[in-house]
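User: I am new to this structure and would like a close look at its sheet, together with whatever lies around it. Please take me through it step by step, in one connected account.

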Amino acid sequence: MSTSPIQNQLTELQQEAVQAITTTDNLDNLEQFRIKYLGKKGQLSQILRGMGKLSPEERPQVGALANEVKEAIQGKLDNQKAALEKTQIETQIKAETLDVTMPGVSRPLGKVHPLNGVVDRVLDIFVGLGYTVATGPQVESDYYNFEALNTPADHPARDMQDTFYLPGGNLLRTHTSSVQIRYMENNEPPIRIIAPGRVYRRDTVDATHSAVFNQLELLAVDKGLKFTDLKGTIKEFLQRMFGDELPVQFRTSYFPFTEPSAEVDVQWKGKWLEVMGCGMVDPNVLKAVGYDPEVYSGFAAGFGVERFAMVLHQIDDIRRLYNSDLRFLTQF
Ligand code: 2U9
């Protein structure tokens, strides 16, 4: 029996495909060949479309041949794909040789800055005592920074808290007390808050002064709070901070927003050191936020984070805290 044209086409297709596949060195091309020869609209399908014209005797023979051709091409595709993938991986491995004797890239571990270390410890202690952390804007109005805190424009205490004024009358806050005013405006007693944050003063920079520094201020407002509650809170806090045996003393002082007011000293490494100020919230401050001073009383205290860090770690110059000198910072 002679071979039909369709059988010739099939063997030619197989030869061409095998030739093309075995000489390609590229996986993308290989896929193109699969589509070209075996795809739905590929050459094999096209040839088989002519099967309808065959006699019933020819059909099974051609069908069997078509299967052989298909399997032969598919087999070549699979082999070539495996071979190409293998070379690809081998080339990649060669290009990526790892020299295990090379020195590694050293990534030094960071540390908590001594200022943030103090803030973290203080917040932990007060959160433990039931206080909530409150924050507010560094750009403030005259009202929140001074007026509401019993410090009108002609008050002499404004001289000591001279600051940076912005066009339009706003200013950089001189203390975080404005945070407590805002908090009281939006909340009713009982109140227990601690406000950390950056504050500003028009100060000449030296070993103990900075025009930008950090404060922590606490405020408690409730029915029946007395000076003894303030003393107990401060003493508990300072002993948790510096140690159980720490001697603490209160000296009378003056602040516009507290009455009576006191300064707090601790005996540390043999010396009395002033570490914070405090007092009972002035009735005028309670009135400014709409609290009745006949019903509620409060106590407040404030301190500089830098000063605390300097006392705790015996740091001699405030500027060391801002220089980012690793020889200094890695000591903590
Ligand atoms: C409200 C009412 C009263 C906060 C207070 C001090 C005393 C104090 C200074 C310590 C060193 C500021 O960082 S420093 O320069 N602060 O001595 N601060 S009482 O009194 C308040 C706060 C908010 C509503």
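Analyst:
**The sheet and its surroundings**

Pro 190 lies in the loop between helix H8 (177–186) and strand S4 (191–200), and in this predicted model the peptide bond that leads from Pro 189 to Pro 190 is cis, with an omega near 5 degrees. Most peptide bonds are trans, and most residues other than glycine have a negative phi.

Strand S4 belongs to an open sheet of seven strands, which are arranged in the order S1-S4-S5-S9-S8-S7-S6 and whose pairing is mixed. At the edges stand strand S1 (132–133) and strand S6 (248–255), and because each of them has a single partner strand, one side of each is left without a neighbour in the sheet. Helix H9 (residues 227–242) packs on the sheet, where it touches S6, strand S7 (258–268), S8 and S9, and its direction makes about 145 degrees with that of S8.

At the S6 edge, S6 and S7 form a hairpin with two residues between them, and they pair in the antiparallel sense over seven bridges. Within this pairing, Phe 255 stands opposite Thr 258 in S7. Strand S7 also contains Pro 260, which is joined to Glu 259 by a cis peptide bond with an omega of about -5 degrees. Further along the chain, Lys 269 lies in the loop between S7 and S8; its phi is near 50 degrees, a positive value in a residue other than glycine.

Moving on across the sheet, strand S8 (residues 271–281) and strand S9 (residues 297–304) run antiparallel and are joined by four bridges, with Met 280 having Phe 299 in S9 as its bridge partner.

How does the ligand fit into this picture, and which residues are closest to it? It is surrounded by 20 residues, of which Gln 215, Phe 255, Gly 277, Ala 300 and Gly 302 are the closest. Phe 255, already met opposite Thr 258, is therefore a point where the account of S6 and that of the ligand come together, since S6 spans 248–255. Gly 277 falls within S8 (residues 271–281), while Ala 300 and Gly 302 fall within S9 (residues 297–304).

Polar atoms of three of these residues can be followed to the ligand. From Gln 215, a polar side-chain atom lies 2.9 Å from an oxygen atom of the ligand. In Gly 277 a backbone N or O atom is placed 3.4 Å from an oxygen atom of the ligand, whereas in Gly 302 a backbone N or O atom lies 3.5 Å from a nitrogen atom of the ligand. Taken alone, the ligand exposes 570 Å², and the protein buries 88% of that.

Finally, UniProt lists residues 124–331, in an unreviewed entry, as "domain: Aminoacyl-transfer RNA synthetases class-II family profile". That span is 28% helix and 31% strand, and its end C-alpha atoms lie 23 Å apart.

Notes
Residues are numbered from 1 along each chain as its sequence is written. This is a predicted model: local features need pLDDT of at least 70, side-chain atom pairs count only at pLDDT 80 or more; totals for chains, interfaces and linings use all residues. Side-chain values use heavy atoms; hydrogens and water are left out. Two strands pair if DSSP finds at least two bridges between them. Contact means heavy atoms within 4.5 Å. Axes are lines fitted to C-alpha atoms, for helices over the stretch in contact, and angles run from 0 to 180 degrees between N-to-C directions. A residue is near a molecule or strand if one of its heavy atoms lies within 4 Å of it. A polar contact is a pair of N or O atoms within 3.5 Å; within protein, one must be able to donate a hydrogen and the other to accept it, and residues adjacent in sequence count only if both atoms are side-chain atoms. Accessible areas come from the Shrake-Rupley method with a 1.4 Å probe; for residues, only the protein chains shown count as cover. UniProt positions are given in the numbering used here, feature names are shortened, and annotations may be inferred rather than shown by experiment.
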